[in-house]
Amino acid sequence: MQPLDPSLPDLPADAALFLDFDGCLVEIAPRPDAVAIPPGLAGRLARLHDRLGGAVALVSGRDIADLRGFLPDFPGPIAGSHGAELSLAGQPIRTTHAVDLDAEALHRAAADAVADNPAILVERKPHGVALHYRADPSLRPVVEAVMQRLADAHPGMVLQPAKMAVELRPRGTGKDGALDRLMALPPFAGRVPVYAGDDLTDEAAMAHAQSRGGFGIKIGAGETVARYRLADPAALARWLDDALVGAG
Ligand SMILES: O=P(O)(O)OC[C@H]1O[C@H](O[C@H]2O[C@H](CO)[C@@H](O)[C@H](O)[C@H]2O)[C@H](O)[C@@H](O)[C@@H]1O
């Protein structure tokens, strides 16, 4: 069991907590549909939601419908597709950008471009597409070249490198924007933003949390702007559980 970062403070009682999903709440899996939800995760999120007056949000590169499939009872807001969509508690999903995207055409173009490489997995999202090469990492240059061509052909979209994947997301979106949007709303407004994430896509949001008086927690290895680090999702779970115990 990895020790907790000894410098990591307790979760502030007035925190606004932003949690990434893959590699942060759940371990990375061979395929996006193969992640295992830890047995205590849903209960932990519900208790944190109560403890923080509802100021707990999921912020993911996955689309919201996909995330809801894994965490159907999550009671708080979800920012999905790298901030391109947002669902406030009890409200329908709404789009946060103005990029005019024919998602089906984009998915078709991506799938056609890698049709000769069955090891490349095409993830179709309502606001973009991801090409995964985890099954054969030697295909990374192929994926990068295809995605660069697609980005050139879709000026409204930008490249988003991910873990063993390359994605396209709408220009102007991002997890930092999602954090900003939520921090302007109750019950997040006026609280201390705390953001935990593992990936490149989380860096801007962690920097943003820190610029607003809060802090970031990098999960796992790799360069980061985050002030603190925890080894893996299990270490994050223990830190969150400590906060719940501390709260009595
Ligand atoms: O923002 P996140 O919640 O961390 O989501 C980032 C991307 O995660 C997923 O892909 C990654 O996780 C998969 C499952 O562990 C793994 O197989 C893949 O290699 C990783 O890149 C998801 O599929 C993407 O849509 C998310 O954007």
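**Entry 1: a term and the model**

I note a definition before starting: two strands count as paired if DSSP finds at least two bridges between them. I applied it to β6 and β7, which pair in the antiparallel sense over 5 bridges. As an example I looked up Leu-121, whose bridge partner in β7 is His-132. I also record that the model is predicted.

**Entry 2: the four-strand sheet**

I continued with the sheet that holds these two strands. It is an open sheet of 4 strands in the order β6-β7-β9-β8, and the pairing is antiparallel. Which strands stand at its edges? I found β6 (121-125) and β8 (157-162) there; each has a single partner strand, so one side of each is left without a neighbour in the sheet. I then looked up the turn between neighbouring strands of this sheet, which is 20 degrees on average when direction is ignored. Helix α4 (residues 140-153) packs on the sheet and touches β7, β8 and β9. The direction of α4 makes about 15 degrees with that of β9.

**Entry 3: the eight-strand sheet**

I turned next to another open sheet, formed by 8 strands in the order β5-β4-β3-β2-β1-β10-β11-β12. Its pairing is mixed. The edge strands are β5 (94-95) and β12 (228-230), each of which pairs on one side only.

I went through several of the pairs in turn. Strand β2 (residues 56-59) pairs with strand β3 (residues 78-80) in the parallel sense over 2 bridges. In this pair, I found Leu-58 opposite Ile-78 of β3. β1 and β2 also run parallel, joined by 3 bridges. On the other pairing of β1, I counted 5 bridges to β10, again with the strands parallel. Finally, β10 pairs with strand β11 (residues 215-219) in the parallel sense over 4 bridges.

I then followed a line of residues across these strands. Phe-18 has Ala-57 as its bridge partner in β2, and Phe-18 also stands opposite Tyr-195 in β10. Tyr-195 in turn stands opposite Gly-216 in β11. A further residue I noted is Ala-15, which stands opposite Val-192 in β10.

**Entry 4: what covers β1 and β10**

Are the residues of β1 buried or exposed? I found that 5 of its 5 residues are buried. Both faces are covered: Ala-15, Leu-17 and Leu-19 are buried on one side, and Ala-16 and Phe-18 on the other. For β10, I found 5 of the 6 residues buried, so this strand is largely enclosed by the rest of the structure.

I also looked for a helix against these strands. Helix α5 (residues 175-183) lies across β1 (15-19), β2, β3, β4 (85-87) and β10 (192-197). Helix α5 runs at about 160 degrees to β2.

**Entry 5: two domains**

I consulted the domain assignment, which gives domain 1 (15-96 + 173-246) and domain 2 (103-170). The C-alpha centres of domain 1 and domain 2 lie 24 Å apart. To the contact, domain 1 gives 15 residues and domain 2 gives 14 residues. I sorted the side of domain 1 that touches domain 2 by class and found 5 nonpolar, 6 polar and 4 charged residues.

**Entry 6: the ligand**

Where does the ligand lie with respect to the two domains? Domain 1 and domain 2 both give residues to the shell around the ligand, so the ligand lies between them. There are 24 residues around the ligand, and those that come nearest are Phe-21, Asp-22, Pro-32, Ser-60 and Gly-61. The elements that give two or more residues to this shell are β7 (128-132) and β9 (165-170). By class, I recorded 10 nonpolar, 5 polar and 9 charged residues in the shell.

**Entry 7: one residue, Glu-27**

I ended with a single residue. Glu-27 lies in the loop between β1 and α1 (41-51). How many C-beta neighbours does Glu-27 have inside 10 Å? I found 14; a residue is buried at 20 or more and exposed at 12 or fewer, so with 14 Glu-27 counts as partly exposed. Leaving aside neighbours within four places in sequence, Glu-27 is in contact with Ala-36 and Pro-233. I also looked up its separation from Tyr-133, which is 106 residues away along the chain: the two C-alpha atoms are separated by 17 Å.

Definitions and conventions
Residues are numbered from 1 along each chain as its sequence is written. This is a predicted model: local features need pLDDT of at least 70, side-chain atom pairs count only at pLDDT 80 or more; totals for chains, interfaces and linings use all residues. Domain bounds come from an automatic or database domain assignment. Two residues are in contact if their C-beta atoms, placed from the backbone, lie within 7 Å. Ala, Val, Leu, Ile, Met, Phe, Trp, Tyr, Cys and Pro count as nonpolar, Asp, Glu, Lys and Arg as charged, and the others, Gly among them, as polar. A residue is near a molecule or strand if its C-beta atom, placed from the backbone, lies within 6 Å of it. Axes are lines fitted to C-alpha atoms, for helices over the stretch in contact, and angles run from 0 to 180 degrees between N-to-C directions.
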